[in-house]
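Here's a quick tour of a protein chain, written for someone just getting started. Have a look at the structure first, then we'll go through it piece by piece.

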Amino acid sequence: MGFDSSADQASIAALRRGIELGMTVIDTAEMYAGGRAEELVGKAIKGFDRDELFIVTKVWPSHARYDDVLKAAAASSRRLGTYIDLYLLHWPSSEVPICETMRAMEKLVEMGLIRHIGLSNFGVKGIEEARACLKNNDIAAVQNRFSPLYKKDYYDVILYAQREGMMYMAYTPIEKGVLAGNDLLRRIGEKYGKTPIQVALNWLICIEPVVPIPKASRIEHVEENAGAMGWRLSREDFEEILNKL
Ligand SMILES: NC(=O)c1ccc[n+]([C@@H]2O[C@H](COP(=O)([O-])OP(=O)(O)OC[C@H]3O[C@@H](n4cnc5c(N)ncnc54)[C@H](OP(=O)(O)O)[C@@H]3O)[C@@H](O)[C@H]2O)c1
């Protein structure tokens, strides 16, 4: 057992608070803090019912070759101390053919190290290319940047994911906290007794396959973000954010 800094302890506490509040999808990656983030997730999940958690991690494109994907997944799983629910190719690789990476992903499913295969930072064309490579599995999820301010995927990747039954994970969903100061979100939130960030996250979960993954290392942020769940924006307010923000 290594020594955790106070920042590590705070991150572990924030993660554990999030899990207690029902935020059970945990997103990490081999490249976050050079593997350290996966180790912290491994520590934070200790004592929780593993079946209640959905752990997502990612392989960096420099490890997209067949053997490297197998090694990277084994190393991630070791750091996490558990199997991986969803394993994503973090970004498309300009060097390694997607079918080589997908072949390794299928091997990992067969080995029981990962449960589902996914892609990050892919458009519809790239998703279709990857799906065409897969023999016994399908792409279960795509993770791209998406927020009430950054809606590029709304009319293509999200519609595609919805139609094809894929999960869509929205990263940078609160624009790194900037949405906390947004006037439209504040005005709408006043009607519900909710903060601008809670409105932003609720707007995202109103969209059928979207799962927002806000990062929060401060407990008060985790608690505020959890207040995005358990209620719903009206259709009118949803549309206003869609069209005016
Ligand atoms: N696949 C990819 O290529 C990719 C790229 C980027 C991110 N991601 C994933 O997406 C996650 C989130 O994205 P992100 O970190 O870029 O952006 P984000 O979630 O939009 O913003 C995180 C920032 O917002 C702050 N924050 C959290 N809750 C808040 C609240 N209620 N009020 C005010 N500020 C709040 C956090 O502060 P504190 O930490 O101080 O609480 C942090 O500085 C990452 O952790 C990562 O897992 C994936």
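Which residue takes a positive phi just after helix 3? That would be Gly81, with a phi of about 75°. Keep in mind that you're looking at a predicted model. Let's start with the whole chain and then zoom in.

**The whole chain**

- If you count up the secondary structure, you get ten helices and seven strands.
- A compact globule of 245 residues would have a radius of gyration near 18 Å, and the chain comes out at 18 Å, so the two agree.
- Along the principal axes, the C-alpha atoms fit in a box of roughly 55 × 45 × 30 Å.
- Buried residues make up 37% of the 245 in the chain.
- Take the contacts between residues at least 6 apart in sequence: 75% of them join residues at least 24 apart.

**Two domains and where they touch**

- The domain assignment splits off domain 1 (1-145) and domain 2 (172-245).
- Their C-alpha centres sit 26 Å apart.
- Where the two domains meet, domain 1 puts in twelve residues and domain 2 puts in eleven residues.
- On the domain 1 side, helix 1 (6-20) and strand 1 (25-27) each bring at least two residues to the contact.
- Helix 1 gives the most on that side, with six residues.

**Helix 1, up close**

- The 15 residues of helix 1 should span 21 Å at 1.5 Å a residue, and the end C-alpha atoms are indeed 21 Å apart, so the helix agrees with that expectation.
- Its buried residues are Ser11, Ala14, Leu15, Gly18 and Ile19.
- Looking down the axis of helix 1, you'd see those buried residues fall within an arc of 140°, so they line one face of the helix.
- Here's the general idea behind such a face: an α-helix has 3.6 residues a turn, so residues three or four places apart point the same way.
- Flip to the other side of helix 1 and you'll find Ser6, Gln9 and Glu20, which are exposed.
- The buried residues of helix 1 pack against helix 2 and helix 9 (219-226).
- After helix 1 comes Gly22, which has a positive phi near 100°.

**Helix 3, up close**

- Helix 3 covers residues 66-80, and its 15 residues reach 21 Å from the first C-alpha to the last, close to the 21 Å expected.
- Val69, Ala72, Ala73, Ser76, Ser77 and Leu80 are its buried residues.
- Those buried residues fall within an arc of 130° when seen down the axis of helix 3, so they line one face of it.
- Several elements help cover them, including helix 2 (36-44), strand 2 (54-59), strand 3 (84-89), helix 4 (98-111) and strand 4 (114-120).
- Ala73 is in contact with Val59, Ile84, Tyr87, Leu108, Leu113 and Ile114, once you set aside its neighbours within four places in sequence.

**The largest nonpolar core**

- In soluble globular proteins, nonpolar side chains tend to be buried together.
- In this chain, the largest nonpolar core has 58 residues, and the members that touch the most others are Ala73, Tyr87, Leu119, Val142, Tyr168 and Ala200.
- Helix 8 (residues 196-205) provides the largest share of this core, six residues.
- Both domains take part: the core draws at least three residues from each of domain 1 and domain 2.

**Two residues to look up: Leu233 and His221**

- Is Leu233 buried or exposed? Leu233 is buried, because 20 other C-beta atoms lie within 10 Å, and 20 or more is what it takes to count as buried.
- You'll find Leu233 in the loop between helix 9 and helix 10 (235-244).
- Not counting residues up to four places away in sequence, Leu233 touches Val199, Asn202, Trp203, Cys206 and Phe238.
- Leu233 and Leu15 are 218 residues apart along the chain, and their C-alpha atoms are separated by 26 Å.
- His221 lies in helix 9.
- With 19 C-beta neighbours inside 10 Å, His221 counts as partly exposed.
- His221 and Gly18 are 203 residues apart along the chain, yet their C-alpha atoms are separated by 9.7 Å.

Note on methods. Residues numbered from 1 in each chain as written. Predicted model: local features only at pLDDT ≥ 70, side-chain atom pairs only at ≥ 80, totals over all residues. Helix = DSSP H or I, 4+ residues; strand = E, 2+ residues; numbered from the N terminus. Rg over C-alpha atoms; globule rule 2.2 N^0.38 Å. Buried ≥ 20, exposed ≤ 12 C-beta atoms within 10 Å, placed from the backbone. Contact = placed C-beta atoms within 7 Å. Expected span 1.5 Å × (residues − 1). Arc of directions from axis to C-beta. Core = buried A, V, L, I, M, F, W, Y, C linked by C-beta atoms within 7 Å. Domains from an automatic or database assignment.
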